[in-house]
Structure formats: C-alpha cells, structure tokens
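Trainee: I would like a close look at one part of this model, taken slowly and set in the context of the whole chain. Please choose the part that the surface and the rings draw attention to, and walk me through it.

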Amino acid sequence: MFVAAIGADYTWLAVVAGLNTVVSLFYYFRVAKALFLRGEEEALYEVPPSRVFGLAILALAFLNIWFGIFFDGAASLAQQVSAGLLPR
C-alpha cells in the first residue's frame, strides 16, 4: 500500500499512513503488554484450573480442525441456512 501510494505520487499520504501506523502500534502494544506481561501479583483475579475449561478448549479445537478440513460441508450448510433466512 505504501509503495503504491508513493508510486502514484501520493508520498504525503504514505508518510501520514506511516505515522498513523506507528501511533496505533504504540497503543496496541500497550494493550498486549497489559494482557501478557503482567506479573502474577498484579493479576486482577486467579482462574482455578478446571476440567470443564480443558474439555471446552479440546471441543473447540476439534471443531476448528473439523471445519477446516471439511469446509465444503460447512459452506453448503451455511448457504442453505442463509437461503432459508432470506424473504422470497
């Protein structure tokens, strides 16, 4: 995008977009730092280990892989459902 803007003689737009990218990365990294680099003593609450969470994660991972491999079936099902929702 930046190369295309410069190639089309919109260098000022590429500079503004680059500055906007730097500013937005600053804010996004602040959120990521708060999420992932917070110490245990700074945590708001502690999630107790549970088998329910583990089973839920396994079930969702299985469904993710299943629909990734057999995408055609899921896509045709979605088309049938969406066709039924449209007014005739």
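Mentor: From the N terminus on, the elements of the chain run α-α-α-α, and in this predicted model the chain has 4 helices and 0 strands. The part to look at is helix 3, which covers residues 51-69, and it is best read against the chain as a whole, where buried residues make up 2% of the 88 residues and where the accessible surface comes to about 8,500 Å², with 71% of that area belonging to carbon and sulfur atoms.

Take the geometry of the helix to begin with. Helix 3 has 19 residues and reaches 27 Å from its first C-alpha to its last, which is close to the 27 Å expected at 1.5 Å a residue. At its N-terminal end the helix is capped by Serine 50, with a side-chain oxygen that lies 3.1 Å from the backbone nitrogen of valine 52.

Next comes the surroundings of the helix. Of the 19 residues of helix 3, the number buried is 0, so the helix lies largely in the open. Isoleucine 65, which lies in this helix, is an example, because its relative accessibility of 55% is over the 50% cut-off and therefore counts as exposed.

Isoleucine 65 also belongs to a nonpolar patch on the surface, formed by Leu60, Phe62, Leu63, Ile65, Trp66, Phe67, Ile69 and Phe70, which together have about 870 Å² of accessible area. Within that list, Phe62, Trp66 and Phe70 form one aromatic cluster, so named in addition to their place in the patch.

For context elsewhere in the chain, the count of aromatic pairs comes to 4. One of them joins tyrosine 10 and tryptophan 12, an edge-to-face pair with 6.5 Å centre to centre and 75° between the planes. Of these two residues, tyrosine 10 counts as partly exposed at 43% relative accessibility, whereas tryptophan 12 is exposed, with a relative accessible area of 55%.

Aspartate 9 deserves a last remark, since its place is in the loop between helix 1 (2-7) and helix 2 (11-36). Aspartate 9 has a positive phi of about 65° although it is not a glycine, and with a relative accessible area of 65% this residue is exposed.

How values were computed: Residues numbered from 1 in each chain as written. Predicted model: local features only at pLDDT ≥ 70, side-chain atom pairs only at ≥ 80, totals over all residues. Heavy atoms only, no water. Helix = DSSP H or I, 4+ residues; strand = E, 2+ residues; numbered from the N terminus. Buried < 20%, exposed > 50% of the residue type's maximum accessible area, 1.4 Å probe, protein only. Areas by Shrake-Rupley, 256 points an atom, 1.4 Å probe, with all protein chains shown as cover. Patch = residues over 30% accessible without salt bridge, like charges linked within 9 Å, V, L, I, M, F, W, Y side chains within 5 Å. Salt bridge = Lys/Arg side-chain N within 4 Å of Asp/Glu carboxyl O. Expected span 1.5 Å × (residues − 1). Polar contact = N/O pair within 3.5 Å; in protein donor to acceptor, adjacent residues only side chain to side chain. Phe/Tyr/Trp six-rings, centres within 6.5 Å; stacked < 30°, edge-to-face > 60°.
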